[in-house]
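Dear colleague,

Please find below the structure that I am handing over to you. A short account of what was found in it follows.

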Amino acid sequence: GLSSGIYWASWFIRCFIMLIIPLTINTILVTLSTSFTKAIFPHSDILLIWFFFMLYAVSVITFGFFISVIFKKSTVSTSVGALTFVATIFVYNWLDDRFFSYSNFIKALLSMHVNINVGIGVDLLANREMFDEGINFSNLFEPDVNMKFSFGELLIYMKVGSVFTLIVTTYIERVFPGQFGISEPWYFPVKFLIKLFKKPVEEHHEMSDFNEFDFEDEPTGLNAGIKIDKLRKTFGSKVAVNNLSLNMFEGQITVLLGEFQGFLHIQ
C-alpha cells in the first residue's frame, strides 16, 4: 500500500544524504587552504561551489532513477548504468575543445546531462581562477570569455535537467511498471482533460430500484460465519461499495461475481 511518491522520496533522501556528506567535505577542500592541502578554487564563493556540487548530486540520483525504470533486472541496470555513467565523462572530454562553438540550445542540453554538467562547471571555475577572480554572485551570470557560457546558466540547466529526468522516470514507471504493477495508459498525464469532455456514465441501480423478488431468502438452521452490515467503501471520490449487507453461512460456498470473481468456502 505504499504510494509511489513516498517510495521514490525515501530513496532520494537516502541517496542524497550519502552523497552530500562527501561533497560537502570536497567543497571545503577545494575552496579553503589547509596545512595539508592547497585550495583549487580559492577565489570562488564557497556557497556557490557547494550548491554546484549539490545539484550534481541530485543529477546523479535522478540518473540512477532513470536507469532503474528502464531495466527491470538489477544486474542489467547496474551494468548498463555504470557503463553509461563512465561514458559521459569521455563524452565531455571529446566535447571540451569545441563547446564554445555550439549554439545556446546545444549548450543547455549538454548542461542537463550528468557528468557533462560537472565538466562544464569545473572548466568555468578554472577559467575564472586563472584571472584570480573566481565565481561569485557578482559575475554569476557573466558569460565566460572562452566558453561563451555563464556559471549561473549552468546551475539553472542542471536543475531543469534533474526535474526533466524525474518526470520522464515517473512516466516510464507508470506506463511500464513491470511484473507486479498496474500500468497506466500512455496518455495518463492528460486523463483529467479527457474526463472533462467525456459524457458522464449512468450510475448503477440504487437499492430503491430493486424489489423483494430480487433477493433470495436466507437459509434456516445455519450459522452465519461472516456478516456484512451496510458496508461502504470509497477510493477518493469513487464509491466502490455502497450499503452492502451480506451473510455468508457455514457449510456453503459463497461466490462473488463482478470485476473480481472468486469463491469462499466457510467451514
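Helices and strands are here DSSP runs, a helix having at least four residues and a strand at least two, and they are numbered from the N terminus. Please keep in mind that this is a predicted model. By that definition, the protein has seven helices and four strands. Read from the N terminus on, the order of these elements is α-α-α-α-α-α-α-β-β-β-β.

As to the protein overall, it has 267 residues, and 28% of them are buried. Its accessible surface is about 18,800 Å², with 65% of that area belonging to carbon and sulfur atoms. When contacts between residues at least 6 apart in sequence are considered, 53% of them join residues at least 24 apart.

I turn now to the interior. The largest nonpolar core holds 34 residues, and those touching the most other members are Phe52, Ile120, Leu124, Leu125, Phe151 and Leu154. At least two residues of this core come from each of α1 (4-31), α2 (46-70), α3 (74-95), α5 (116-130) and α6 (151-175). The largest share, 12 residues, is supplied by α2.

Which residues is phenylalanine 151 in contact with, leaving aside its neighbours within four places in sequence? They are Leu48, Phe52, Gly121, Leu124, Leu125, Ile135 and Leu140. There is also a second, separate core of five residues, among them Trp8, Phe65, Val69 and Ile172.

Yours sincerely,
A colleague

Methods:
Residues numbered from 1 in each chain as written. Predicted model: local features only at pLDDT ≥ 70, side-chain atom pairs only at ≥ 80, totals over all residues. Heavy atoms only, no water. Core = buried A, V, L, I, M, F, W, Y, C linked by side-chain atoms within 4.5 Å. Buried < 20%, exposed > 50% of the residue type's maximum accessible area, 1.4 Å probe, protein only. Contact = heavy atoms within 4.5 Å. Areas by Shrake-Rupley, 256 points an atom, 1.4 Å probe, with all protein chains shown as cover.
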